[in-house]
Amino acid sequence: EKVLLSVENLKRHFEIGHGETLKAVDGISFDIVRGETFGLVGESGCGKSTAGRTILGLYNKTEGNVLFEGRSVHEMTDKERKVYLKKVQMIFQDPYASLNPRSTVLEIIAEPMEVHKLYKSKEALKNKVYELLEDVGLNRDHANRYPHEFSGGQRQRIGIARALALDPEFIIADEPISALDVSVQAQVVKLLQRLQKEKGLTYLFIAHDLSMVKYISDRIGVMYLGHMVELTTSKQLYENPLHPYTKALLSAIPIPDPDIEESRQRILLQGELPSPINPPSGCVFRTRCASAMSICTEEKPAWKEQVSGHFVACHLYK
Ligand code: SF4
Ligand code: MG
């Protein structure tokens with residue numbers, strides 16, 4: 001097992017005027033091992049996309065560290081950064097918004113390779129694009145068409161082909177299936193899994209709920225209001241969740257069997273998601289937690305390893 005990426009007490013705050021600070025990411029720590037899929041899960045506004053962008057280096061960090069292969073992402077020389085931005089690629093939630101509507105599929109996929117001057121001849125570049133299209137389940141006949149001619153699932157495949165163009169090692173997928181029909185989601189997840197095997201990729205897979213992330217992730221980190229509240233293997237998280245927020249997220253996953261669905265206990269979250277500008281004192285989850293105690297208002301729960309590899313931040317566990 002080799003650590004590819006280390007995130008150490010990472011904070012990313014935004015000054016938003018009037019002396020106020022939005023604490024989008026407020027001290028998260030985790031490692032990603034080479035070849036694994038790490039799922040990062042939480043409701044919208046929990047900071048998971050900001051975490052992804054800060055890891056990619058699109059955002060400066062406020063505090064902490066992001067180490068890729070032992071090198072600090074935010075302290076790289078221009079040359080190191082260029083290499084990093086080849087090794088790390090991003091797949092976005094809305095493939096339509098991330099693909100230039102006036103470019104052909106060929107141009108869209110070829111662009112990163114042209115920027116990095118990877119191929120001397122137009123012919124070799126074209127052939128690489130055809131290869132990439134086949135890798136993602138499309139073909140060369142699609143190369144001269146435009147994004148609007150494709151379905152959502154096909155557009156996501158084009159986005160994936162583009163992300164693969166520079167032979168990356170690590171892919172940050174920011175809700176890559178959230179905008180797709182349920183029937184298409186499984187296909188894209190399968191594609192990502194096949195590509196991971198074939199190309200030895202490592203994934204950071206960002207999702208807003210726990211329904212699909214289970215099938216793709218080796219380990220999962222649950223975020224709430226800029227904090228990581230629980231982290232463990234995918235199996236352990238579904239079978240033995242510890243944090244009250246994780247339990248609520250799990251109970252929100254619909255089960256297709258009506259008998260099970262009826263007998264199941266839903267844990268409904270109380271109230272609204274508080275603002276990351278004015279987060280609650282103590283435990284950030286306490287305003288919505290049915291188990292909250294007086295200590296939860298006073299003390300921020302420490303990030304502790306309960307059993308090997310299973311971390312949780314909650315006063316219920318000593
Ligand atoms: Fe609930 Fe307290 Fe645990 Fe926070 S620390 S999740 S408020 S029990
Ligand atoms: Mg997001």
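Trainee: How do you know that strand 1 and strand 4 are joined?

Mentor: Five bridges link strand 1 (residues 3-15) to strand 4 (residues 63-68). Two strands pair if DSSP finds at least two bridges between them, so this pair qualifies. The two run antiparallel. S6 stands opposite L67 of strand 4, and E8 has N65 as its bridge partner there. Strands here are DSSP runs of E with at least two residues, helices are runs of H or I with at least four residues, and both are numbered from the N terminus.

Trainee: Before we go on, what kind of model is this?

Mentor: It is a predicted model, in which local features need pLDDT of at least 70 and side-chain atom pairs count only at pLDDT 80 or more, while totals for chains, interfaces and linings use all residues. Residues are numbered from 1 along each chain as its sequence is written, and chains are lettered from A and ligands numbered from 1 in the order in which they are written.

Trainee: How many bridges join strand 1 to strand 2?

Mentor: Ten bridges do so, and these strands also run antiparallel. One pair to look at is F14 with L22 of strand 2, which stand opposite each other. Five residues lie between the strands of this hairpin, and G17 takes a positive phi near 90 degrees there.

Trainee: Which strands stand at the edges of the sheet, and why?

Mentor: The sheet is open, with four antiparallel strands in the order 2-1-4-5. Strand 2 (21-33) and strand 5 (71-72) each have a single partner strand, so one side of each has no neighbour in the sheet. Helix 1 (residues 48-56) packs on this sheet, touching strand 1, strand 2 and strand 4. Contact means that C-beta atoms, placed from the backbone, lie within 7 Å. The direction of helix 1 makes about 115 degrees with that of strand 1; axes are lines fitted to C-alpha atoms, for helices over the stretch in contact, and angles run from 0 to 180 degrees between N-to-C directions.

Trainee: What makes the phi of H18 stand out?

Mentor: Most residues other than glycine have a negative phi. H18 is not a glycine, yet its phi is positive, about 50 degrees. H18 sits in the loop between strand 1 and strand 2.

Trainee: Why is H18 called what it is, buried or exposed?

Mentor: A residue is buried if 20 or more other C-beta atoms, placed from the backbone, lie within 10 Å of its own, exposed if 12 or fewer, and partly exposed in between. H18 has 6 such atoms, so H18 is exposed.

Trainee: Why is K117 given its label, buried or exposed?

Mentor: K117 has 7 other C-beta atoms within 10 Å, so it is exposed. K117 lies in the loop between helix 4 and helix 5, and its phi is positive too, near 45 degrees.

Trainee: Which residues of helix 4 are buried?

Mentor: In helix 4 (residues 105-115) they are V105, I108, I109 and A110. The buried residues of this helix pack against helix 5 (122-135) and helix 6 (152-164).

Trainee: Why does S291 get its label, exposed or partly exposed?

Mentor: S291 has 13 other C-beta atoms within 10 Å, so S291 counts as partly exposed. S291 is in the loop between helix 11 (258-263) and helix 12 (294-298). Leaving out residues up to four places away in sequence, S291 touches P244 and L316.

Trainee: What is the strand order in the sheet of eight strands?

Mentor: The order is 6-7-8-3-9-10-12-11, in an open sheet with mixed pairing. Strand 6 (88-91) and strand 11 (304-307) are at its edges, each with a single partner strand, so one side of each lacks a neighbour in the sheet. The twist averages 20 degrees from one strand to the next.

Trainee: How do you know that strand 3 and strand 9 are joined?

Mentor: Four bridges join strand 3 (residues 37-41) to strand 9 (residues 219-224), and these strands run parallel. Within this pair, G39 has I220 as its bridge partner. Helix 10 (residues 244-251) lies across strand 9 and strand 10 (227-233), at about 105 degrees to strand 9.

Note on methods
Two residues are in contact if their C-beta atoms, placed from the backbone, lie within 7 Å.
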